Amino acid sequence: MVEEPISSERFAVLVEQAGLTLTPEQFDELREGYRFVARMQKSVRRPRDRAAEPAHIFVHPRVEG
């Protein structure tokens with residue numbers, strides 16, 4: 001699934017809102033990579049229960065005796 005990068009105009013608005021000063025090279029590089037950030041935002045901004053993060057679940061080991 002190849003996504004198109006965000007438009008230069010829309011990305012310029014985001015850069016301005018963030019208060020960044022970028023060289024043209026930085027702007028182009030970050031604009032190309034922004035699609036991965038956008039995809040990550042979609043995956044993390046949804047309701048989840050505790051089971052979605054098993055690292056936060058502690059199971060006490062059984063002691064054989």
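**Exercise 1. Decide whether Arg 31 is buried or exposed in this predicted model.**

Solution. Start with the number: Arg 31 has a relative accessibility of 16%. Next, recall the cut-off, since buried means under 20% relative accessible area. Arg 31 therefore counts as buried. To place the residue, look in helix H2, where Arg 31 lies. Then ask what is around it. Leaving aside neighbours within four places in sequence, Arg 31 is in contact with Pro 5, Ile 6, Ser 7, Ser 8 and Phe 11.

**Exercise 2. Find the salt bridges of the structure and work out how they are linked.**

Solution. Begin with the general idea: side chains of opposite charge can pair when their charged atoms come close. The structure holds 2 salt bridges.

- Step one: the side chain of Glu 32 meets that of Arg 31 in a salt bridge, at 3.9 Å from N to O. A salt bridge requires the nitrogen to be within 4 Å of the oxygen.
- Step two: Glu 32 also forms a salt bridge with the side chain of Arg 35, at 2.9 Å from N to O.
- Step three: put the pairs together, and Arg 31, Glu 32 and Arg 35 are linked in a network of salt bridges.

Where do Arg 35 and Glu 32 lie? Both are in helix H2, 3 residues apart, which is about one turn of the helix.

**Exercise 3. Sort Glu 32 and Arg 35 by how buried or exposed each one is.**

Solution. Take Glu 32 to begin with: its relative accessible area is 34%, so Glu 32 is partly exposed. Now take Arg 35: its relative accessible area is 18%, so Arg 35 is buried.

**Exercise 4. Trace what Glu 3 touches.**

Solution. Locate Glu 3 in the segment before helix H1, which covers residues 8-18. Then list its contacts, not counting residues up to four places away in sequence: Glu 3 touches Arg 35 and Arg 39. Finally, set sequence beside space for one of these pairs. Glu 3 and Arg 35 are 32 residues apart in sequence, and their C-alpha atoms are 7.1 Å apart in space.

**Exercise 5. Describe how helices H1 and H2 are arranged.**

Solution. Count the elements before you compare them: the protein chain has 2 helices and 0 strands. The axes of H1 and H2 come within 11 Å and cross at roughly 105°. Angles of 65 to 115 degrees count as roughly perpendicular, so H1 is roughly perpendicular to H2. Which residues meet between the helices? From H1 they are Ser 8, Phe 11, Ala 12, Leu 14 and Val 15, and from H2 they are Phe 27, Leu 30, Arg 31 and Tyr 34.

**Exercise 6. Look at the outside of the chain and pick out a nonpolar surface patch.**

Solution. Take the whole chain before its parts. Of the 65 residues in the protein chain, 11% are buried. The accessible surface comes to about 6,100 Å², and carbon and sulfur atoms account for 56% of it. Now zoom in: Val 37, Met 40 and Val 44 make a nonpolar surface patch of about 260 Å². Met 40 has its place in helix H2, residues 24-44. With a relative accessible area of 49%, Met 40 is partly exposed.

Notes. Residues numbered from 1 in each chain as written. Predicted model: local features only at pLDDT ≥ 70, side-chain atom pairs only at ≥ 80, totals over all residues. Heavy atoms only, no water. Helix = DSSP H or I, 4+ residues; strand = E, 2+ residues; numbered from the N terminus. Buried < 20%, exposed > 50% of the residue type's maximum accessible area, 1.4 Å probe, protein only. Areas by Shrake-Rupley, 256 points an atom, 1.4 Å probe, with all protein chains shown as cover. Patch = residues over 30% accessible without salt bridge, like charges linked within 9 Å, V, L, I, M, F, W, Y side chains within 5 Å. Contact = heavy atoms within 4.5 Å. Axes fitted to C-alpha atoms, helices over the stretch in contact; angles between N-to-C directions. Parallel < 35°, antiparallel > 145°, perpendicular 65-115°, else oblique.
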